[in-house]
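Welcome! Let's take a friendly walk through this structure, starting with one pair of residues and widening the view from there.

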Amino acid sequence: MRGAARSAIAVLGVVAALLTMPQIAAAHAMLKSSAPAADSTLAILPREVRLQFTESIALAFSRIELFGPDGKTIQLGEVSFSAESQRTIVAAIDGLLAAGTYTVAWQVAGDDGHPVRGRYVFTVAPGAVAAAGSGSSVREEALGNANAPSGQTAGARSQQAPAVMPEAVTFDAESPLYVAIRVLLFAGLLATVGAVAFKTVVLKFLSRRESARPTMVRWIIPSASHGAARVGLAGVLIVGVAAALRLTAQSYAMSGSGSAFDVSFIANMLTSTVWGYGWLLQVIAVALAVVGFRAAITGSRGWLLAGISVIALAFTPALSGHAASAPQLTALAVLADGFHIIGAGGWIGSLLIVVTVGIPLAMRREPEEREPAVAALINAFSPTALTFAGLAAATGVFAAWLHLGAVPALWQTTYGKTLLLKLGILSLVAATGAYNWLRVKPTLGVGSSAQRIRKSARAELGIAAFVIVVTAVLVATPTAMDANAMKSMSVTARGSAP
């Protein structure tokens, strides 16, 4: 009872910390309007680029670029907030623009740390003049630019950009390398959660069920506990490596190669976004979990610290994913995401411990004890798997409802199609588990059933690995609701007055 009370207090503490986490995002920052407006034709020369977004943005991570008709860069002033709102950024155009079509490329960062980029075009009509009140000298400059080469205005002659506007070279949360980093992160998380679930739930079930066999319990439980701690330590070290790689990748995605390793930029990123808060929490939890698992390898006192740290770790991905940018019920979305990882880790992660630690230990027993030992272990794992799988399913359904918005989005959006792929692969994992439950489990304790359960469990883990990959893609794919909002905002931006 004392252990359960301590666990409950730990969970409540993590939940309370998450609910009070500052600056939880309301949505992804999206372009609401622009001046010059997208696809507009101007008779009056613009003197600035003005972009309004749906939410406040971080100025340090905002960029605006302007490309001329021939692809050369047009000189802009420093990006700043408008006097009216921190949802609007402005960059002055140095000089006057010649007739032709121009491209505006921009990047901002939402509170969840995901870089949001876009580009649009506008056209300066032949004979366009400066705005009234700009002065005769400005008007003469405009007339003088009429014969200048396209894109070579007074304010742009010094820019030696390529003759053709380069395509945007983007590295962001959807890039394959970033996906690979998240695969590493999720694999480590499942291993750490699985180690704690195996120790606190599976071995407890085993102890209660096999109390009539004190020799088996005394031998296998301490050894399995130490083995689980080793796997948990390896998993949390993987999470630590993934965290370091994520920081590098995120800095590169936010700033490009030029400032990716700038200490002041990274410090600003970590202290001004929810992504940064989540990363700092992750690193602290990793450090504490390492201490806990190391202590648990030699004894049992480290398990409480390891457990609390792993619970905190399970909630950190939500602060850099869709949960943190949910348009409604944001706190619940973050909690559901964390419990989803706990559910998946308690199911798949603890199965990993059973296969890599529990069954090998059982197979070291005397020949007559091997099959009964494996049967006892699987019988203790089965209710654990059902409980955690149910938790993962329930929280997954909630997240789907929150991010899809409508059932047709399942097959009409990239997010929905990726989710269907995840569900399809996950159904194979569930089918393999059902086979183990219905066909292999009843035969445990006799014959060579231990080898059969080991093979089928490995197959279940192999399929689950594909689920991790798809999940790593899914968490960075714009949700169906985000995609619909972007379409709506795009129409609004095109209709905005300059």
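A good place to begin is Thr41, whose bridge partner in strand E9 is Thr123. Keep in mind that you are looking at a predicted model. The strand E2 is joined to strand E9, residues 115-129, by three bridges, and the two run parallel.

**The sheet around this pair**

Now step back to see where these strands belong. They are part of an open sheet of five strands, in the order E2-E9-E8-E4-E5, and the pairing is mixed. At its edges are strand E2 (41-44) and strand E5 (73-74), each of which pairs on one side only.

Moving along the sheet, strand E4 (residues 63-67) meets strand E8 (residues 100-109) in an antiparallel arrangement with five bridges. Here Arg63 has Gln107 of E8 as its bridge partner. E4 also pairs with E5, again in the antiparallel sense, over two bridges. In that pairing, Phe67 stands opposite Thr73 in E5.

These pairings can be set side by side:

| Strand pair | Direction | Bridges | A residue pair |
|---|---|---|---|
| E2 and E9 | parallel | three bridges | Thr41 and Thr123 |
| E4 and E8 | antiparallel | five bridges | Arg63 and Gln107 |
| E4 and E5 | antiparallel | two bridges | Phe67 and Thr73 |

What lies between E4 and E5? The two strands form a hairpin, with five residues between them. In its turn, Gly71 has a positive phi of about 90°.

**Two helices that cross**

Further along the chain, look for helix H5 (residues 263-272) and helix H6 (residues 274-298), whose axes come within 5 Å and cross at roughly 95°. Angles of 65 to 115 degrees count as roughly perpendicular, so H5 and H6 are roughly perpendicular to each other. On the H5 side, the contact is made by Met269, Leu270, Thr271 and Ser272. Facing them from H6 are Trp275, Gly276, Tyr277, Trp279 and Leu280. Sorted by class, the contact of H5 with H6 has six nonpolar residues, three polar ones and no charged ones.

**The whole chain**

Finally, take in the full view. The chain has 13 helices and nine strands. Of its 498 residues, 51% count as buried. Among the contacts in the chain with a separation of 6 or more, 75% involve residues 24 or more positions apart. The accessible surface comes to about 22000 Å², and 63% of that belongs to carbon and sulfur atoms.

Note on methods: Residues numbered from 1 in each chain as written. Predicted model: local features only at pLDDT ≥ 70, side-chain atom pairs only at ≥ 80, totals over all residues. Heavy atoms only, no water. Pairing = 2+ DSSP bridges. Helix = DSSP H or I, 4+ residues; strand = E, 2+ residues; numbered from the N terminus. Axes fitted to C-alpha atoms, helices over the stretch in contact; angles between N-to-C directions. Parallel < 35°, antiparallel > 145°, perpendicular 65-115°, else oblique. Contact = heavy atoms within 4.5 Å. Nonpolar A, V, L, I, M, F, W, Y, C, P; charged D, E, K, R; others polar. Buried < 20%, exposed > 50% of the residue type's maximum accessible area, 1.4 Å probe, protein only. Areas by Shrake-Rupley, 256 points an atom, 1.4 Å probe, with all protein chains shown as cover.
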